[in-house]
Amino acid sequence: APEQEECLNKAIFTHPTFCKNHFIQYVESTVFSTIKKYNMIKPNEKVVVAASGGKTLSSVAVATAKRR
């Protein structure tokens, strides 16, 4: 997990404690480190996402699109 800095924003997640922005950073860094660790997406490879509408998959899709 990334080193936490002192944040005065309202916590939205409590185990560990994160404000909205730090929670998003945490999730995105976890997703990308997992993709890299297991070599799940290679350079210039197209990715297709089938979404059921769930929050988890939607979050991963948005995070992945940010890294294009």
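**Exercise 1.** Determine what span helix H1 (residues 20–37) should have in this predicted model, and compare it with the separation of its end C-alpha atoms.

*Solution.* Helix H1 holds 18 residues, and the rise is taken as 1.5 Å a residue. The expected span is 1.5 Å times one less than the number of residues, which gives 26 Å for H1. The end C-alpha atoms of H1 are 26 Å apart, in agreement with that expectation.

**Exercise 2.** State which residues of H1 are buried, what covers them, and which residue with positive phi follows the helix.

*Solution.* The buried residues of H1 are His 22, Glu 28, Val 31, Phe 32 and Ile 35. Their cover includes strand E2 (17–19) and helix H2 (55–66). After H1 comes Asn 39, with a positive phi near 50 degrees.

**Exercise 3.** Find how many aromatic pairs the whole structure contains, and classify each.

*Solution.* The search yields 2 aromatic pairs. For Phe 18 and Phe 23, the ring centres lie 6.4 Å apart and the planes meet at 55 degrees, so this pair is tilted. For Phe 18 and Tyr 26, the centres lie 4.9 Å apart and the planes are at 25 degrees; an angle under 30 degrees counts as stacked, so this pair is stacked. Phe 18, Phe 23 and Tyr 26 form one aromatic cluster.

**Exercise 4.** Decide whether Phe 18, Phe 23 and Tyr 26 are each buried or partly exposed.

*Solution.* Buried means under 20% relative accessible area. Phe 18 has 6% relative accessibility and therefore counts as buried. Phe 23, at 24%, counts as partly exposed. Tyr 26 has a relative accessible area of 24% and is partly exposed.

Key
Residues numbered from 1 in each chain as written. Predicted model: local features only at pLDDT ≥ 70, side-chain atom pairs only at ≥ 80, totals over all residues. Heavy atoms only, no water. Helix = DSSP H or I, 4+ residues; strand = E, 2+ residues; numbered from the N terminus. Buried < 20%, exposed > 50% of the residue type's maximum accessible area, 1.4 Å probe, protein only. Contact = heavy atoms within 4.5 Å. Phe/Tyr/Trp six-rings, centres within 6.5 Å; stacked < 30°, edge-to-face > 60°.
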